[in-house]
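Subject: A structure for you to explore

Hi there,

Here is the structure I promised to pass on to you. Please open it beside this message and follow along as you read.

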Amino acid sequence: MRPPIRRIALSTGGGDAPGLNAVISSVVWAAANRGWDCLGIRDGFNGILTPERYPQGGVERLTRERVRGISHLGGTILGTTNKGNPLRFPTHQPDGSVVELDRAQEILDYCRREAIDALVMAGGDGTLAIADELQRRGLRVVGVPKTIDNDLDRTHTTFGFDTAVSFATECLDRLHSTAESHQRVMVVEVMGRYAGWIALHAGISGGAHAILIPEIPYDIERVAAAIRERDAHGRLYSLVVVAEGAQARTGQRTVLAPAAAGHVERLGGIGEQVALALAQRTGKDVRAVVLGHLLRGGSPTTFDRLAAKRFGTAAVRALEQGLSGVMVALSHPNVVYVPLAEVAGRMKVVPLDSDTLQTGRDLGICYGD
Ligand code: F6P
């Protein structure tokens with residue numbers, strides 16, 4: 001029988017996503033309503049592992065007052081990092097080199113010292129893998145699935161995705177008119193890492209004529225042919241959405257920076273490549289637009305806000321019920337709990353038989369295949 005909870009700590013890790021503040025606020029309220037104390041760790045676990053960086057404290061008390069009025073704000077009041085994996089923490093050596101050290105024990109010690117009974121960790125695949133390892137080492141942990149990429153397994157949706165897709169769709173709406181006025185091809189690169197969810201959902205919703213996603217390696221000749229075909233029918237402009245992780249059948253992913261100590265590979269640049277190749281093949285005026293980090297900002301949509309609040313409060317209920325080592329997840333219409341072990345290290349990509357993909361085909365959208 002686990003002892004009752006009196007105090008929990010919250011951390012947000014990985015790239016930020018709209019809805020994180022709604023998670024923080026709802027965890028704090030649900031915890032406070034049970035008489036629990038709530039702490040917030042700065043920048044993933046940096047607040048514990050590098051306290052010298054935080055003159056005002058690397059861990060702060062989160063009261064109802066502190067989180068009042070933040071649910072609709074983008075970002076995270078706790079800060080976040082995708083360079084702070086405590087299992088492989090980049091640590092500077094006296095000779096100037098950087099080595100990765102396993103510093104998880106310091107987190108366990110901190111929790112014991114500060115009487116923290118459990119952690120709520122909101123993050124993507126990297127953060128949830130860390131959550132899984134921390135619970136294996138003895139901490140009570142509940143994970144909350146966050147990423148604009150929607151690439152986490154065992155949950156239908158992550159919060160942040162809907163906001164990113166809505167904004168990308170709005171951008172496509174705006175690009176339609178300028179593309180049409182100038183009879184141009186606009187190539188729009190969107191984030192999503194190795195999954196095409198954002199590109200596919202925004203592309204179909206925003207009326208794109210071609211959508212290139214990592215799940216379907218493309219043949220640029222097919223895309224050029226689709227644009228020529230539109231031209232032949234008097235449709236003299238086209239919109240092409242390209243996921244940052246898309247790759248040609250004959251090519252490779254475009255990588256801006258390779259994985260380095262404590263940092264994952266950075267993708268980007270495919271939009272320009274596709275634009276150049278289409279200009280050469282169609283003779284048309286082509287422009288590339290990279291939406292990039294704009295997709296991560298802004299106020300969460302209603303869907304994301306509600307999902308974040310449902311996830312945050314469900315995480316607290318999970319701890320109250322004595323659960324640990326689970327992630328809250330959306331299994332329509334309910335929030336459910338799934339083992340972290342079944343999420344960590346797995347990626348959810350667009351299934352090739354998905355009806356959303358088929359929707360695009362039936363609408364005549366070119367996937368480059
Ligand atoms: O995982 C979220 C995400 O925005 C990806 O879509 C993108 O590839 C990556 O993070 C960018 O990370 P960074 O903020 O380090 O550039």
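Below I go through the two sheets, the ligand site and two details of the backbone.

Please keep in mind that this is a predicted model, in which local features need pLDDT of at least 70 and side-chain atom pairs count only at pLDDT 80 or more, while totals for chains, interfaces and linings use all residues. Residues are numbered from 1 along each chain as its sequence is written, and side-chain values use heavy atoms, with hydrogens and water left out.

First, some vocabulary. Helices (H or I, at least four residues) and strands (E, at least two) are DSSP runs, numbered from the N terminus. Two strands count as paired if DSSP finds at least two bridges between them. In general, strands of a sheet pair through backbone hydrogen bonds, either parallel or antiparallel.

Let's start with the sheet of 7 strands. It is open, has mixed pairing and follows the order β3-β2-β1-β6-β7-β14-β15. At its edges are β3 (59-61) and β15 (334-339), each of which pairs on one side only. From one strand to the next, the twist averages 30° (axes are lines fitted to C-alpha atoms, for helices over the stretch in contact, and angles run from 0 to 180 degrees between N-to-C directions). Strands β7 (residues 141-145) and β14 (residues 326-331) run parallel and are joined by 2 bridges; Val142 has Val326 in β14 as its bridge partner. Helix α1 (residues 20-32) packs on this sheet, where it touches β1, β2, β6 and β7 (contact means heavy atoms within 4.5 Å), and its direction makes about 180° with that of β1. Helix α10 (residues 302-320) also packs here, touching β1, β6, β7, β14 and β15, at about 140° to the direction of β14.

The other sheet is open too, with 4 strands in the order β9-β10-β8-β13 and parallel pairing. Its edge strands are β9 (210-212) and β13 (286-290), and neighbouring strands are turned by 15° against each other on average, direction ignored. Between β8 (residues 185-190) and β10 (residues 238-243) there are 6 bridges, and Glu189 has Val242 in β10 as its bridge partner. Helix α7 (residues 197-205) lies across β8, β9 and β10 and runs at about 175° to β9. Helix α9 (residues 270-282) touches β8, β9, β10 and β13, and makes about 160° with the direction of β8.

Now for the ligand: which residues surround it? They are Asn82, Ile148, Asp149, Met191, Gly192, Arg193, Glu244, His263, His293 and Arg296 (each has a heavy atom within 4 Å of the ligand). Oxygen atoms of the ligand make polar contacts (pairs of N or O atoms within 3.5 Å): one lies 2.5 Å from an N or O atom in the side chain of Glu244, and one lies 3.0 Å from such an atom of His293. The protein buries 83% of the 400 Å² that the ligand exposes when taken alone (Shrake-Rupley method, 1.4 Å probe).

Finally, the two backbone details. His332 and Pro333 are joined by a cis peptide bond, with omega about 0°, and Pro333 sits in the loop between β14 and β15. Ala115 is not a glycine, yet has a positive phi of about 60°; look for Ala115 in the loop between α4 (104-113) and β6.

Enjoy exploring!

Best wishes

Technical notes:
A polar contact is a pair of N or O atoms within 3.5 Å; within protein, one must be able to donate a hydrogen and the other to accept it, and residues adjacent in sequence count only if both atoms are side-chain atoms.
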